[in-house]
Amino acid sequence: MAAPSQKTIHAVPEKMPAASYGHLLNLPNFLTLCRLASIPIFLTLLTRQRYTLALYVFAAAAVTDGLDGIVARWFDSRTELGAFLDPFADKLMLVSAFVVLTIHGDLPGYLLSVVMIRDIVIVVGYLMISFFTGERVPVRPSYLGKSSTVLQLACVIGVLAKVGNYRPSYLNALLIVTVAITAASFVQYMYRGLVWLRSREPEMFA
């Protein structure tokens, strides 16, 4: 007598939960994206020397910059995307403003040179340290670094707010102080990077 046939039971794989990207589109990141979207508008106004309107856009971007940080802390909605986009948006708007205003002769070339050299060397140094150590270097803004950013913002606002070709004396003093603090923060970041690298790869300094 033939044995009764048995149906082969195939295990049905469980459905993997769909990846959720909702946490990336939170309010702080949305504000940061708005700030990025405002950069072309800001640059268009700058190139046409519509400084008053450019100042309004710049001020609105500064407000969103403060809001996204406050909202992220209050609602504990900080993300890796936001940690990257926020400083990137700030630096992109600031550097682009420096470039255009320097081309128009509203800012001295030495200020742009110091700012660009500092930022380029810091980024390249960060990538090199990460390459040599194979670790992600912790980025902690220093008080000098934050002060240099605030002063650079003040320089842009001071130029946008000035009337005609008149440059008040306080703006000249502000430019000098900004160069000094930016250079000092550059030296500090270089020192901190070398100290961190030496603690991970001491044979490089033997």
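The following points concern the helices, core, salt bridges and surface of a predicted model.

1. Because this is a predicted model, local features need pLDDT of at least 70 and side-chain atom pairs count only at pLDDT 80 or more, while totals for chains, interfaces and linings use all residues. Residues are numbered from 1 along each chain as its sequence is written, and side-chain values use heavy atoms, with hydrogens and water left out.

2. The largest nonpolar core (buried Ala, Val, Leu, Ile, Met, Phe, Trp, Tyr and Cys residues joined through side-chain atoms within 4.5 Å) has 28 residues, and those with the most contacts inside it include Phe42, Phe98 and Val156. Two or more residues each are given to this core by α1 (27-47), α2 (51-74), α3, α4, α5 and α6, with the largest share, six residues, coming from α3. Helices here are DSSP runs (H or I, at least four residues), numbered from the N terminus. Leaving aside neighbours within four places in sequence, Val156 is in contact (heavy atoms within 4.5 Å) with Phe58, Leu94, Ala97, Phe98 and Leu101.

3. A search of the whole structure finds three salt bridges, each being a side-chain nitrogen of Lys or Arg within 4 Å of a carboxyl oxygen of Asp or Glu. In one of them Arg35 pairs with Asp90, the closest N and O atoms being 3.0 Å apart; since Arg35 lies in helix α1 and Asp90 in helix α3, the pair ties together parts that are 55 residues apart in sequence. Arg35 is buried, at 2% relative accessible area, whereas Asp90 is partly exposed, at 25%; buried means under 20%, exposed over 50% and partly exposed in between, with a 1.4 Å probe and protein chains only.

4. Lys91 forms a salt bridge with Asp119, with the closest N and O atoms 3.3 Å apart, and this pair links helix α3 to helix α4 across 28 residues. Asp119 also meets Arg118 in a salt bridge (2.8 Å, N to O), and both Arg118 and Asp119 are buried. Salt bridges that share partners thus join Lys91, Arg118 and Asp119 into one network.

5. Helix α6 (residues 169-200) has 32 residues and reaches 47 Å from its first C-alpha to its last, close to the 46 Å expected, where the expected span is 1.5 Å times one less than the number of residues. Among its buried residues are Leu171, Tyr189 and Trp196, and what covers the buried residues of α6 includes α4 (109-133) and α5 (143-161).
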